[in-house]
Amino acid sequence: MAKKKKVLYPVVFMIIITVVFTSVLAIINEVSAERIQQQSKLKEQSKVLYAFNIEYGETGAEIIRQYNQFIEERKADNQTYYVRKSNDDITGYAFKIEGAGLWGGIEAILAFNQDFSNLTGVSFLNHSETPGLGGRIDEEWFQEQFRDISLDVNSTDPYLIFKPSTGGNVDTISGATSTSKAVLNIFNQNIEVILTETKGDVLDE
Amino acid sequence: MNKKTKSIITMGIWQDNAIFRQILGICSALAVTNLMINSLVMGLGLIFVTAFSELTVSFLRQYTPKHIRMMVQTLIISAYVIMVDIFLKAFFPAMSEALGPYVGLIITNCIIMGRCESFAQKNPPGYAFLDGMASGAGYAIVLLIIAFVRELLGFGSIFGINILGESWVSWTLMIMPPGAFFMLAIVIWISKNIFKEKSDNGGVKA
């Protein structure tokens with residue numbers, strides 16, 4: 001017991017216990033790192049497939065197979081984008097976008113057809129909206145509304161408009177007005193950027 | 001089952017229940033109880049962390065210098081919490097996302113620190129482990145009760161399976177933060193009434 005009053009003992013004890021626990025955690029982290037990365041990659045791949053309206057299987061292996069068959073990742077200005085291919089023909093492009101939601105950032109995928117005249121679909125990667133209200137943006141009925149919407153660069157109206165306004169093409173989520181507005185803003189702004197700037201770079205390649 | 005084992009279990013789950021008797025761990029109880037599945041995973045995570053933290057603290061209690069014991073406990077607890085976090089990320093990514101920052105915040109859950117300090121510091125490892133399980137279970141049960149009501153009224157479902165049918169109008173309030181406050185208050189109110197009678201019969205009054 002006398003030992004405990006010394007200064008050295010607590011310091012040594014703390015160092016030893018810290019080293020032990022840190023090493024254990026480091027090992028666990030090392031072992032699982034690859035798996036965690038795979039999981040997040042798998043999620044992204046399934047979201048890209050969804051945005052392109054390609055049906056995909058439940059299991060990881062099937063998703064990867066579908067993804068490798070139809071999607072090619074390319075880079076422009078350090079930003080990855082996704083090219084949809086069928087038999088060497090390009091049939092669409094998809095981009096990862098992000099913006100501010102009601103509570104936090106929203107990350108989504110926007111998919112277009114080959115000449116950017118249509119929005120093929122959208123899917124949400126990450127968001128932190130209210131569960132049950134704004135959080136419903138990742139429900140299927142909401143995302144399905146964004147299928148095959150024609151985009152006209154020369155029109156002065158926004159690309160996406162809520163019903164029942166004139167030219168409206170999507171429904172809001174009732175009870176989640178702020179999130180709905182935020183989502184539409186993010187989409188409209190990013191579509192504008194993609195159609196006016198990114199499109200040129202991508203089609204040149 | 002000897003007397004001490006029995007008393008540890010009843011104390012942890014009922015008489016000294018972390019949430020409605022000690023009012024500990026309230027923050028996460030409010031945050032993750034909108035869905036049954038979230039509450040279940042959170043409860044299991046807490047049982048694991050509390051049990052193993054208490055076990056480790058108890059093993060080291062004779063070698064740990066008294067004045068740095070808090071530091072040691074925090075280190076042990078955070079190590080186990082990180083394990084839970086990594087495990088969820090690797091095997092249940094959807095769950096890890098749903099619980100968000102609350103898994104990491106198990107570290108600050110007062111139940112674990114409280115049990116390590118008040119129980120594991122003075123008892124042998126076997127009992128400490130059991131106490132951790134019991135306290136964690138007490139927490140998990142209360143969470144599941146609250147989540148049961150919130151999910152049933154808020155979504156019309158239990159564990160994501162629709163129970164009340166399509167015609168059910170969801171009580172949006174129940175899945176919003178105020179729903180958690182109302183439910184927790186009701187649980188504590190009921191338990192206060194149950195325990196009031198007992199402590200009046202010659203029990204120690206605060």
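Two residues are taken to be in contact if their C-beta atoms, placed from the backbone, lie within 7 Å. With that cut-off in mind, the tour below moves through a predicted model, beginning in chain A and ending in chain B.

Select first helix α1 of chain A, residues 8-51, together with helix α2 of chain A, residues 60-70, whose axes come within 10 Å and cross at roughly 55°. Angles from 65 to 115 degrees count as roughly perpendicular and those under 35 as roughly parallel, and α1(A) and α2(A) are therefore oblique to each other. Turn the view until one helix lies in front of the other, and the crossing of α1(A) and α2(A) can be followed as a left-handed one.

Next, show the side chains where these two helices meet: α1(A) brings L42(A), Q45(A), S46(A) and L49(A), while α2(A) brings G60(A), I63(A), I64(A), Q66(A) and Y67(A). Coloured by class, this contact of α1(A) with α2(A) comprises five nonpolar and four polar residues, with no charged ones.

Now bring in chain B and select its boundary with chain A, where 21 residues of chain B are in contact with 23 residues of chain A. On the chain B side, the elements that give two or more residues are α4 (69-91), α7 (125-155) and α8 (172-175), and of the elements on this side α4(B) gives the most, with 10 residues. The chain B residues that touch chain A divide into 16 nonpolar, three polar and two charged.

Finally, select helix α3 of chain B, residues 36-60, whose 25 residues reach 36 Å from the first C-alpha to the last, close to the 36 Å expected at 1.5 Å a residue. Helix α3(B) is mostly covered, with 18 of its 25 residues buried.

Notes:
Residues numbered from 1 in each chain as written. Chains lettered and ligands numbered in written order. Predicted model: local features only at pLDDT ≥ 70, side-chain atom pairs only at ≥ 80, totals over all residues. Axes fitted to C-alpha atoms, helices over the stretch in contact; angles between N-to-C directions. Helix = DSSP H or I, 4+ residues; strand = E, 2+ residues; numbered from the N terminus. Parallel < 35°, antiparallel > 145°, perpendicular 65-115°, else oblique. Left-handed = near helix turned anticlockwise from the far one by under 90°. Nonpolar A, V, L, I, M, F, W, Y, C, P; charged D, E, K, R; others polar. Expected span 1.5 Å × (residues − 1). Buried ≥ 20, exposed ≤ 12 C-beta atoms within 10 Å, placed from the backbone.
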